[in-house]
Amino acid sequence: MTPSLGRRFVDAAETRKPDTAGMVIAGVLLLIALVIFWDASAMQVATTYGMGPQAMPYVIATGMILLAAGNFWLAWRGDFPARESFDPKAIVLILGGLAALIAIIGLGGGFILATTALFVTTSTAFGRRAILADLAIALVMTTLIYLAFDRLLTLSLPAGPLERLM
């Protein structure tokens with residue numbers, strides 16, 4: 001390694017500053033994990049053997065605590081990559097997809113149509129412009145997911161006109 005390259009590496013390491021936004025995100029993750037722990041501890045489920053249904057929230061909360069700790073550590077050291085410029089279009093598309101999901105299910109449209117709408121808006125938010133292809137992919141995927149839950153696992157999902165045809 002040449003001295004100039006080594007000096008640039010040291011200079012870059014010395015100029016890093018803690019990332020305040022990253023530390024706030026770590027705090028929010030920790031807060032959510034604590035709420036999950038509290039909620040799981042308040043469950044009134046009695047099991048006669050093994051683990052009960054309250055085990056999974058503890059696993060998720062523990063994972064979130066680890067994620068928060070890692071996020072805080074990287075933020076404190078200033079190791080996050082530079083942020084891109086803010087573009088609210090992606091956020092609006094995803095929130096619109098979630099609103100469409102809720103509205104379609106609420107109006108009786110069913111799982112397949114609702115999840116297809118969310119899939120298409122999310123893929124558009126991530127920059128994909130093949131809306132018809134995404135629509136076809138989403139319809140196939142959500143139909144297969146619905147059939148797996150309904151037929152194989154015998155778990156019910158919101159049914160609409162497409163689900164009643166099956």
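Select D79 to begin. In this predicted model, D79 is partly exposed, with a relative accessible area of 26%. Now add R77 to the selection: D79 and R77 form a salt bridge, and their closest N and O atoms are 3.3 Å apart. R77 is also partly exposed, at a relative accessible area of 40%.

**The other salt bridges**

How many salt bridges does the structure hold? The structure holds 3, and the pair just selected is one of them.

Select R128 and D134 next. These two residues form a salt bridge, with 2.4 Å between the closest N and O atoms. Colour the pair by accessibility. Is D134 buried or exposed? D134 has a relative accessibility of 2%, so it counts as buried; the cut-off for buried is under 20%. R128, at 37% relative accessibility, counts as partly exposed.

Then move to D150 and R151. Here the closest N and O atoms of the salt bridge are 2.1 Å apart. D150 counts as partly exposed at 23% relative accessibility, and R151 is partly exposed as well, with a relative accessible area of 43%.

**The whole chain**

Clear the selection and show the chain as a cartoon. The chain has 7 helices and 0 strands. Followed along the sequence, the pattern reads α-α-α-α-α-α-α. Of the 166 residues in the chain, buried residues make up 22%.

**Helices α2 and α3**

Select residues 20-41, which are helix α2, and residues 55-77, which are helix α3. The axes of α2 and α3 come within 8 Å and cross at roughly 165°. Angles over 145 degrees count as roughly antiparallel, and α2 and α3 are therefore roughly antiparallel to each other. Their crossing is left-handed.

Stay on helix α3 and pick out W73, which has its place there. W73 is exposed, with a relative accessible area of 51%; the cut-off for exposed is over 50%. Now add D19 and draw a distance between the two C-alpha atoms. W73 and D19 are 54 residues apart along the chain, and their C-alpha atoms are separated by 10.0 Å.

**Helices α5 and α6**

Select residues 110-125 for helix α5 and residues 131-152 for helix α6. How do the axes of α5 and α6 cross, and at roughly what angle? The axes come within 8 Å and cross at roughly 140°. That angle makes α5 oblique to α6. The crossing in which α5 passes α6 is right-handed.

Within helix α6, select L147. L147 is partly exposed, with a relative accessible area of 29%. Add E163 and draw another C-alpha to C-alpha distance. L147 and E163 are 16 residues apart in sequence, and 8.9 Å apart in space.

**The loop after α6**

Follow the chain into the loop between α6 and α7, where T154 has its place. What is the phi of T154 near? Phi is near 50°, a positive value in a residue other than glycine. T154 counts as exposed, at 64% relative accessibility.

**The nonpolar patch**

For the last stop, switch to a surface view and select L113, L132, L135, L139, L162, L165 and M166. These residues form a nonpolar patch on the surface, and together they have about 630 Å² of accessible area. Which helix gives the most to the nonpolar patch? Helix α6 does, with 3 residues.

Finish on L165, one of the residues in the patch. L165 lies in the segment after α7, the helix of residues 161-164. With a relative accessibility of 71%, L165 counts as exposed.

**Selections to keep**

To return to the stops of this tour, save these selections:

- D79 with R77, R128 with D134, and D150 with R151: D79 and R77 form a salt bridge, as do R128 and D134, and D150 and R151.
- α2 with α3: a left-handed crossing at roughly 165°.
- α5 with α6: a right-handed crossing at roughly 140°.
- W73 with D19: C-alpha atoms separated by 10.0 Å.
- L147 with E163: 8.9 Å apart, C-alpha to C-alpha.
- T154: a positive phi in the loop between α6 and α7.
- L165: an exposed residue in the nonpolar patch.

Methods. Residues are numbered from 1 along each chain as its sequence is written. This is a predicted model: local features need pLDDT of at least 70, side-chain atom pairs count only at pLDDT 80 or more; totals for chains, interfaces and linings use all residues. Side-chain values use heavy atoms; hydrogens and water are left out. Patches are made of residues with over 30% relative accessible area and no salt bridge: like charges are joined within 9 Å, nonpolar side chains (Val, Leu, Ile, Met, Phe, Trp, Tyr) within 5 Å. Accessible areas come from the Shrake-Rupley method with a 1.4 Å probe; for residues, only the protein chains shown count as cover. A salt bridge is a side-chain nitrogen of Lys or Arg within 4 Å of a carboxyl oxygen of Asp or Glu. Helices (H or I, at least four residues) and strands (E, at least two) are DSSP runs, numbered from the N terminus. Buried means under 20% relative accessible area, exposed over 50%, partly exposed in between (1.4 Å probe, protein chains only). Axes are lines fitted to C-alpha atoms, for helices over the stretch in contact, and angles run from 0 to 180 degrees between N-to-C directions. Angles under 35 degrees count as roughly parallel, over 145 as roughly antiparallel, 65 to 115 as roughly perpendicular and the rest as oblique. A crossing is left-handed if the near helix is turned anticlockwise from the far one by less than a right angle, and right-handed if clockwise.
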